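The exercises below are meant to be worked through with the structure in view. Each one sets a task and then gives a solution in steps.

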There are 2 protein chains.
Amino acid sequence: MFKKFKRLIIGKPMKSTEAQEQKLSNAKALAILSSDALSSIAYGPEQILIVLASISVIAFWYSLPIAVGVLILLAALILSYRQIIYAYPGGGGAYMVAKENLGTKFGLFAGGSLLIDYVLTVAVSVSSGTDAISSTFPELHPYRVWIAVGMVIFITLVNLRGLTESASILAYPVYAFVIALAVLIITGLYQILTGHVSAQIHPAIGTPVMGISLFLILKAFSSGCSALTGVEAMSNAVPNFKDPAPKNAALTLSVMGIILGLLFTGIVFLCYWYGIAPQEKETVLSKLSSSVFGRNIFYYIIQAATALILILAANTGFAAFPLLAFNLSKDKYMPRAFKVRGDRLGYSNGIITLALASIFLIIVFKGNTENLIPLYAVGVFLPFSLSQTGMIVKWLKTKPKGWMGKLAINLTGALICYLILAIFFITKFGQVWMSLIFIPLAVYIFHKIHKHYTAVGNQLKTDISEKLSTITSGKNIVIVPIAGITKVVKQSILYAKSLSDNVVAVYVGSSQESIKELEKDWRKWDTGVKFVGLMSPYRSVLTPLSQFIDVVKEKADASHSQVTVIMPQFIAKRWWQRFLHNQSGFLIMANVLRRRNIIVTIVPYQLEE
Amino acid sequence: MFKKFKRLIIGKPMKSTEAQEQKLSNAKALAILSSDALSSIAYGPEQILIVLASISVIAFWYSLPIAVGVLILLAALILSYRQIIYAYPGGGGAYMVAKENLGTKFGLFAGGSLLIDYVLTVAVSVSSGTDAISSTFPELHPYRVWIAVGMVIFITLVNLRGLTESASILAYPVYAFVIALAVLIITGLYQILTGHVSAQIHPAIGTPVMGISLFLILKAFSSGCSALTGVEAMSNAVPNFKDPAPKNAALTLSVMGIILGLLFTGIVFLCYWYGIAPQEKETVLSKLSSSVFGRNIFYYIIQAATALILILAANTGFAAFPLLAFNLSKDKYMPRAFKVRGDRLGYSNGIITLALASIFLIIVFKGNTENLIPLYAVGVFLPFSLSQTGMIVKWLKTKPKGWMGKLAINLTGALICYLILAIFFITKFGQVWMSLIFIPLAVYIFHKIHKHYTAVGNQLKTDISEKLSTITSGKNIVIVPIAGITKVVKQSILYAKSLSDNVVAVYVGSSQESIKELEKDWRKWDTGVKFVGLMSPYRSVLTPLSQFIDVVKEKADASHSQVTVIMPQFIAKRWWQRFLHNQSGFLIMANVLRRRNIIVTIVPYQLEE
């Protein structure tokens, strides 16, 4: 049943050899690798306005100088990442750059924050996509959390089926979004230039604002930086570009930077000019486009393109998280399960973990992007900073031709990133303190896991040049717990006798009478197997049996014998029948295995009805 | 950890020999065995008024003739049950009376409806107790469901600790309730007689009512019958009385009937006279006592006594359900687990099942007694009817002295019960249809379980006079699945060789290279054990391994050999480490055991770190 359902949803299993890679043209790469970054425009400008709105609508003009600051940061990041692309043509994720240049510890810090970051990519993008939908259809507003959860489940299933990241279909929504926003900005500017928009609805630039402070401006600025999440994507995917890959990747990154900058500036400017104020039930982008177009077909296209690119952005999380988990798992920092490819060649465990974690976040934060974004931004800027720092160390160590200039660029990038991080922690501590707990916790867990795997590896190592010794059958003591004389017991005793001459049947009874009665029958049966009756006044079978096995084990250890416990176990034919029998056989097995080096054998008896 | 917590909550385990019984004096028995019946007064009169209120307050005078009908029914039931007490001095539950006289099928119908009925006893009593509390403190009204669930959990824990049903402490709340209601009724009557209550606030008896119909009157009457739930308790507990037990039990039953009748009549009359109308947020009893006393200390005492007796009534469900489940389990109609005594000698599984089921009902019905009571009443009247019918059959079969009179009494009782059932299904079908599904379903499940246990018993029977045959070690084919060459594998191979000369190591690889590489190492190791490499293009270990085992098993069957699969399995030291290793050993074990008569041996390797 479950299997059939799984096949229907996930599809038939694929052979390992079916895995393949496909090189991307620049135009396609631009679309596919920039959905995360470009989609940030759907919430970045809004975040600035939300902070400014906490003072007064008059403060909205500050969004313009803040946008300039964001643009400078964007330029610095693009320049820095171009250098990372050239330095790591094999794909330079923050985990790898930091690990290689700053050491494992920093690599793990980058890895841990990236993992958390990908969860937040999914949660934020999907929540934001839901906002785009519920802004369009306000009657859906009460169901936002469930719409978001439904979207995550949909993306999860698509990824479990296996989605080639390079599928052309993923490129169209990005083009559509860029074109739609470009039309929106051009139309808006045209309306402004032709005087269709009153200048009264926005405060003049430079209007003095009561209560504004550097603190608030920095807070608004750091909020705006959330528009830059995702710019690192190109540098991780250099090998997917056509040759010469680094050059193509760097070029594409620059083009993306320009598009991102233009769209961001355009939207921030129009929002200012049209006097758009953030509201709970409608996104700023929705308000802006309905102001420019009215609620006509263009409005709906923009909303649809926004929702789609946000879903794609979430999808990038689904590409990145399982891959990073795989790499961490390969390096023994995460459970082995993340290394296993599923039926459709995706890393199913990574996909499912990401889905569960992001659904958890969406439910806990009630799909509210405003509360998720600061945490997300920290998760992004920490690896940003670490890779920049890694590059600085790299230039200082290797000192290639022109290293001074390169160093300067990464140094600027690093300093700005650290500054942003500092601003985050100063201005939004209440929202980002969690990262101080969860990122170190992740690193701690990585270490614990690594230590365990290393220890296990050492313990299991064996020397194949050594000859095998032998256990003689007489040195095997066999214990058979029984509950009466039945066919199952008969089968087990038969098997036990074939293993050893030293077999003991053990019965745990709750009264002396029941023990004596069974002993009498046992004698009559005349199997040649010893009978031991244990009295259990508290009706527990496990406790007296364990104690007995312990005693036998101790004696066996003294004579270098092996102890085997044979559990007669009948196996029900149908699932519901399992509830009709106590599963004490398996309980005893688990108990015995956990505590001692004792071999457990299950002699099954399949019930026929 | 879990164990310590369990000890703290439940207490230390008790020896089987500590079980004991204590005979009850009539006064104590009256209190302890009547909490269920007497507590029904807390909701019975209200149910009548709720139906009448659906027409008009003028219809309230109909509550008086309806109460007379209920009293007649009560008298009939008491007379019938007196006869059951004398006929079944060993305790005549509906299950037993119906089984003995009408056959197993009807016994199971009675048993099934009683089980459901006990769940409803708990759900209704606790919900009603919560109503008493939230009527007193209206600010608690929004938390009713959680208060009710909390109460069930409390009663469950008390029962898991083991509560002697005969504990004196259980008697006091019943006395308190009876005295409190008696004071309320007497005070009310006194106020009426002294003219303190205006005659204007109630409709005169006989006032014509628009829209009244026989249907509605019958509906109100059947609602009022819910006040009679619980009168059967005495007849189940005859052996707990002092000698002469049947006589004492019959006497006590009659006294209880009189008290119940008086209190019921008194409350219905006062409600009529004081013009009490049912409301959502306050019980009728609460309104009545605040009308009579005002919200003074007497009011609070009445509310407290009501809440307490309702909790006690729920507790009777906790005494009855596990015992009936035990009896059904003994007769092989319910899972064996219900036969097991817990640490404190209570039937823990029955207690926990009842708790979960009643919590489920409380949550689904949102603690709303009005919706639960019709279902409850059907669950009560069906066993009533079946035991009466059983008694009729008994008299007809045995024809003892004076059987005609006895027959007449039980016949009247049976007819009235069937009539009530018919009225329920006609007037409240929307609320009671579920019993038409769940009771037959329960009976169906009983049969399925019985069939299974009987089949198992037959399959497992073995003849101890038959001599044991032997398996020779050469006839044992041993398969050892391996994932590489490690200490765990070494240990398993060593053990395998001690069992048989016919050992095969099986490796499942996802590529030809990995298989060849391991094979080369294996040859070097020179263990004398054959190596089989299986290619798994779909990365599944289970599928190719199962197929291989199937093939081996087929060959083994042909040569009458036994197949043993030895699973090397390392056992992590700490719980979290289990997530770091795939548990495929146990998966393979479950798969192999389920499908074939193959013995599975687990060779554990305890990790030290």
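**Exercise 1. Describe how helices H9 and H14 of chain B are placed against each other, and which residues meet between them.**

Solution. The model is a predicted one, and the first step is to find the two helices, of which H9(B) covers residues 172–193 and H14(B) covers residues 297–330. Their axes come within 9 Å and cross at roughly 140°. Angles over 145 degrees would count as roughly antiparallel, and H9(B) and H14(B) are therefore oblique to each other. The next step is the sense of the crossing, which is left-handed. Turning to the residues, the H9(B) side of the contact consists of Pro173(B), Val174(B), Ala176(B), Phe177(B), Ala180(B) and Leu184(B), and these meet Ile301(B), Ile302(B), Ala305(B), Thr306(B), Leu308(B), Ile309(B) and Leu312(B) in H14(B). Sorted by class, this contact has 12 nonpolar residues, one polar residue and no charged residues.

**Exercise 2. Classify the crossing of helix H7 of chain B with H14(B).**

Solution. Helix H7(B) spans residues 104–136, and its axis comes within 8 Å of that of H14(B), with a crossing angle of roughly 165°. That angle makes H7(B) roughly antiparallel to H14(B). The handedness of the crossing is again to be read separately, and it is left-handed. The residues of this contact divide into 18 nonpolar and 11 polar, with no charged residue.

**Exercise 3. Which symmetry relates the two copies, and through which surface do they meet?**

Solution. Begin with the superposition: a turn of 180° with a shift of 0.1 Å along the axis lays chain B on chain A with an RMSD of 0.1 Å. The two copies are thus related as by a two-fold rotation axis. Within chain B, the C-alpha nearest this axis belongs to Thr601(B), at 2.1 Å from it.

The contact itself takes 61 residues from chain B and 63 residues from chain A. On the chain B side, at least two residues each come from helices H18 (429–460), H19 (487–499), H20 (512–525) and H22 (584–595) and from strand E5 (599–606). The largest share, nine residues, is supplied by H19(B). By class, this side of chain B has 30 nonpolar, 18 polar and 13 charged residues. Finally, 100% of the interface residues of chain B are also interface residues in chain A, so the copies meet through the same surface.

**Exercise 4. Trace the sheet that includes strands of both chains, and state which strands stand at its edges.**

Solution. Start where the chains join: strand E5(A), residues 599–606, is linked to E5(B) by three bridges, and the two strands run antiparallel. One pairing to look for is that of Val600(A), whose bridge partner in E5(B) is Ile602(B).

Following the neighbours outward gives 10 strands in the order E3(A)-E2(A)-E1(A)-E4(A)-E5(A)-E5(B)-E4(B)-E1(B)-E2(B)-E3(B), which form an open sheet with mixed pairing. E3(A) and E3(B), each covering 530–535, stand at the edges with a single partner strand each, so one side of each is left without a neighbour in the sheet. On average, and with direction ignored, neighbouring strands are turned by 25° against each other.

Within chain A, six bridges join E1(A), residues 476–482, to E2(A), residues 502–509, and this pair runs parallel; Ile477(A), for its part, has Asn502(A) in E2(A) as its bridge partner. The last step is to add helix H19(A), residues 487–499, which lies across E1, E2, E4 and E5 of chain A together with E1 and E5 of chain B, and which runs at about 155° to E4(A).

Definitions and conventions. Residues numbered from 1 in each chain as written. Chains lettered and ligands numbered in written order. Predicted model: local features only at pLDDT ≥ 70, side-chain atom pairs only at ≥ 80, totals over all residues. Axes fitted to C-alpha atoms, helices over the stretch in contact; angles between N-to-C directions. Helix = DSSP H or I, 4+ residues; strand = E, 2+ residues; numbered from the N terminus. Parallel < 35°, antiparallel > 145°, perpendicular 65-115°, else oblique. Left-handed = near helix turned anticlockwise from the far one by under 90°. Contact = placed C-beta atoms within 7 Å. Nonpolar A, V, L, I, M, F, W, Y, C, P; charged D, E, K, R; others polar. Pairing = 2+ DSSP bridges. Least-squares fit on C-alpha atoms with pLDDT ≥ 70 in both.
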